[in-house]
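Please open the model in a viewer and keep the selection panel at hand. The stops below proceed from the interior outward.

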Amino acid sequence: MAVRRRSGVIFLRVDPVLCDGFGHCHELAPELVAIDEWGYPVITTEPIALANDAALASARLAVRGCPRQALRIERVNER
Ligand code: SF4
């Protein structure tokens with residue numbers, strides 16, 4: 001049986017208009033989200049490989065845990 005590897009990357013994005021700036025996403029995914037001096041998220045600009053299960057799980061946790069639905073995952077397929 002062949003094993004298909006997931007290719008491509010994701011980016012975690014924030015809508016600054018929806019964000020309340022309480023920084024819950026930083027608590028959920030500190031390796032992906034820092035906070036600025038006012039408590040607003042500063043999201044890593046590094047692409048997250050789909051094959052990186054731990055980082056992908058953290059990104060999903062942050063999206064699910066955002067009380068304002070201000071976070072989303074944007075998938076980019078590699079060519
Ligand atoms: S959890 Fe959502 S609303 Fe709260 S700081 Fe993060 S992106 Fe903004």
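A nonpolar core is here a set of buried Ala, Val, Leu, Ile, Met, Phe, Trp, Tyr and Cys residues joined through C-beta atoms within 7 Å. The coordinates belong to a predicted model.

**The whole chain**

Display the C-alpha trace first. Along its principal axes it spans about 50 × 20 × 20 Å. Colour by secondary structure: the protein has two helices and five strands, and from the N terminus on these elements run β-α-β-β-β-α-β. Of the 79 residues, 16% count as buried. Among contacts with a separation of 6 or more, 65% join residues 24 or more positions apart.

**The core**

Select Leu12, Cys25, Ala29, Leu32, Val33, Ile48, Ala55, Ala59, Ala62, Cys66 and Leu71; these eleven residues make up the largest nonpolar core. H2 supplies the largest share of this core, three residues.

**Helix H2**

Next, select residues 53–65, which form helix H2. This helix has 13 residues and reaches 18 Å from its first C-alpha to its last, close to the 18 Å expected at 1.5 Å a residue. Which residues of H2 are buried? They are Ala55, Ser58, Ala59 and Ala62. Look down the axis of H2: the buried residues fall within an arc of 100 degrees, so they line one face of the helix. An α-helix has 3.6 residues a turn, so residues three or four places apart point the same way.

Turn to the face of H2 that points away from the buried side, where the exposed residues Asp53, Ala57 and Arg64 are carried. Then add the partners of the buried face to the display: strand E1 (9–14), helix H1 (24–28), strand E2 (33–35), strand E4 (48–49) and strand E5 (71–76).

Centre the view on Ala59. Leaving aside neighbours within four places in sequence, Ala59 is in contact with Ile10, Leu12, Ala29, Leu32, Ile48 and Ile73. Two of these partners, Leu32 and Ile73, merit stops of their own.

**Leu32**

Select Leu32, in the loop between H1 and E2. Is Leu32 buried or exposed? Leu32 has 20 other C-beta atoms within 10 Å and is therefore buried. Beyond neighbours within four places in sequence, its contacts are Leu12, Ile43, Thr44, Ala55, Ser58, Ala59 and Ala62. A distance label between the C-alpha atoms of Leu32 and Glu46, 14 residues apart along the chain, should read 8.8 Å.

**Ile73**

Move to Ile73, in strand E5. With 14 other C-beta atoms within 10 Å, Ile73 is partly exposed. Outside the four places on either side in sequence, Ile73 is in contact with Ile10, Leu12, Ala59 and Val63. The C-alpha atoms of Ile73 and Ala57, 16 residues apart along the chain, are separated by 11 Å.

**Gln69**

Select Gln69, in the loop between H2 and E5. Its phi is near 50 degrees, a positive value in a residue other than glycine. Gln69 counts as exposed because it has 11 C-beta neighbours inside 10 Å.

**The ligand**

Finally, select the ligand and the residues around it. How many residues surround the ligand? There are 14, and the closest are Cys19, His24, Cys25, Cys66 and Arg68. By class, the shell consists of nine nonpolar, three polar and two charged residues. To end the tour, display the core again together with the ligand: Cys25 and Cys66 belong to the largest nonpolar core and are also among the residues closest to the ligand.

Technical notes: Residues are numbered from 1 along each chain as its sequence is written. This is a predicted model: local features need pLDDT of at least 70, side-chain atom pairs count only at pLDDT 80 or more; totals for chains, interfaces and linings use all residues. A residue is near a molecule or strand if its C-beta atom, placed from the backbone, lies within 6 Å of it. Ala, Val, Leu, Ile, Met, Phe, Trp, Tyr, Cys and Pro count as nonpolar, Asp, Glu, Lys and Arg as charged, and the others, Gly among them, as polar. Helices (H or I, at least four residues) and strands (E, at least two) are DSSP runs, numbered from the N terminus. The expected span of a helix is 1.5 Å times one less than its number of residues. A residue is buried if 20 or more other C-beta atoms lie within 10 Å of its own, exposed if 12 or fewer, and partly exposed in between; C-beta atoms are placed from the backbone. The arc is that of the directions from the helix axis to the C-beta atoms. Two residues are in contact if their C-beta atoms, placed from the backbone, lie within 7 Å.
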